[in-house]
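The following exercises ask for careful reading of a structure, and each comes with a solution that proceeds step by step. Please try every task before reading on.

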Amino acid sequence: MRFKILFFVILLLPIFLYLVNGVSGKSFVLDASQERLKEEESDMLKSQVIQIPGDAPVIDSTSQEQTELEKTSNVPSVAGVAVKEGYSYQYVNTEKGKFGVFLIKMPLSKVRVKTVAANKDDCKGNCPVKPLLQYVKENNAYAAMNGSYFCPPDYATCKSKINSYDYAFYNSNKTKWMNKKALTWNKTGLATFSGTSAKFYKDSSTYKNSSVTAGLSNYPMLLKDGNIVVNLNDLTSVQKNVKGLRGAIGSDGSNVYLAQITRATVLDAAYAMRALGVKHALNLDGGGSAAMYIDGGYKVGPGRLLPNAIVLVK
């Protein structure tokens, strides 16, 4: 009898694993993210050149920027204060501490959000990439920022899938989803845009294939309806514990926000976005891939060559 039970367990185990991993995509997404993030700790801890506002000298974010933040301890938080349109550098006070934020805020009525990719079809390795400035020029964009997590060539764990990205990404110029199957994953957030409206999904699998003009999934969702929705149990140790440059895209219903939060964990980034008045926000790539361009120049970066990007077109 014991051997019969063991036989049926062995027989049914592959079916069980398929239902858990293959249908929901839950384990696959997390495993892929963890593999992608194994080397991010060293990436996040590398010196990042950050320009502090007020024509202050360029400083090293891993050491001197903390001193700069401490010097500004009496600067009021922007929480509850209207953040100006366009580009600004903000210091925000949150329950998790004070953070510097490179921020682009634009009314959705004044810009068109586009998500653009270098690849024309799904790509699993040696994928095409471009500098952020090239995405700006090709789309006659006003502003731009890096997009989803991807596997950079300087990561040893990415040797077999260089510059590929697993997450769903809508190529606005090709009017189609890349990695469309990833929309069924239940642990990824999703940001979509359709004309002058934005819609964010805490769980990308709840997206019902509605018409969009831009969109991307990534992990994790930071804010939904003004609430922090980060599940610490689902984060990697790097996302939870390592402070670095974190990217995010958000909306308050009327405006789109592109942000690079300095010396932050993923959870810190969620609190910083909420302090800026954002209602819905999705985590994006950061670290050595972080890049932000506006007003004819880089505010952050240029960083690595990118397989995809977010651009704002007037």
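**Exercise 1.** In this predicted model, decide whether Asp 268 is buried or exposed, and then describe the salt bridge of Asp 268 and Lys 243.

*Solution.* Begin with the accessibility: Asp 268 has a relative accessibility of 4%, and because buried means under 20%, Asp 268 counts as buried. Next take the partner, Lys 243, which at 37% relative accessibility counts as partly exposed. The two side chains meet in a salt bridge with an N to O distance of 2.6 Å. Finally, place both residues along the chain: Asp 268 belongs to helix α7 (residues 266-275), whereas Lys 243 sits in the loop between α6 (237-241) and β14 (244-251), so the pair ties together parts that are 25 residues apart in sequence.

**Exercise 2.** Work out how far helix α7 is enclosed by the rest of the structure, and state what follows the helix.

*Solution.* First list the buried residues of α7, which are Val 266, Leu 267, Asp 268, Ala 269, Ala 270, Tyr 271, Ala 272, Met 273 and Ala 275. Then compare this with the length of the helix: nine of the ten residues of α7 are buried, so the helix is largely enclosed by the rest of the structure. After α7 comes Gly 277, whose phi is positive, near 95 degrees.

**Exercise 3.** State how many salt bridges a search of the whole structure finds, and examine the pair Asp 154 and Arg 304 as well as the pair Lys 130 and Glu 138.

*Solution.* The search of the whole structure finds nine salt bridges. In one of them, the side chains of Asp 154 and Arg 304 meet at 2.9 Å, N to O. This pair links distant parts of the chain, since Asp 154 is in the loop between β6 (143-146) and β7 (169-171) and Arg 304 is in the loop between β18 (297-300) and β19 (308-313), 150 residues apart. Asp 154 is partly exposed at 45% relative accessibility, while Arg 304 is buried with a relative accessible area of 12%. For the other pair, the side chains of Lys 130 and Glu 138 form a salt bridge of 2.6 Å, N to O; Lys 130 counts as buried at 16% relative accessibility, and Glu 138 is partly exposed at 46%.

**Exercise 4.** Determine which type of aromatic pair is formed by the rings of Tyr 170 and Trp 177, and find which cluster the ring pairs build around them.

*Solution.* A search of the whole structure finds ten aromatic pairs. For Tyr 170 and Trp 177, the ring centres are 5.4 Å apart and the planes stand at 70 degrees, so the pair is edge-to-face. Tyr 170 is buried, with a relative accessible area of 9%, and Trp 177 counts as buried at 10%. Trp 177 also pairs edge-to-face with Tyr 207, at 5.7 Å centre to centre and 65 degrees between the planes. Trp 177 lies in strand β8 (residues 176-178) and Tyr 207 in the loop between β10 (197-201) and β11 (214-218), so this pair ties together parts that are 30 residues apart in sequence. As a last step, ring pairs link Tyr 170, Trp 177, Tyr 201 and Tyr 207 into a cluster.

Key:
Residues are numbered from 1 along each chain as its sequence is written. This is a predicted model: local features need pLDDT of at least 70, side-chain atom pairs count only at pLDDT 80 or more; totals for chains, interfaces and linings use all residues. Side-chain values use heavy atoms; hydrogens and water are left out. A salt bridge is a side-chain nitrogen of Lys or Arg within 4 Å of a carboxyl oxygen of Asp or Glu. Buried means under 20% relative accessible area, exposed over 50%, partly exposed in between (1.4 Å probe, protein chains only). Helices (H or I, at least four residues) and strands (E, at least two) are DSSP runs, numbered from the N terminus. Rings of Phe, Tyr and Trp (its six-membered ring) pair if their centres lie within 6.5 Å; planes under 30 degrees apart count as stacked, over 60 as edge-to-face and the rest as tilted.
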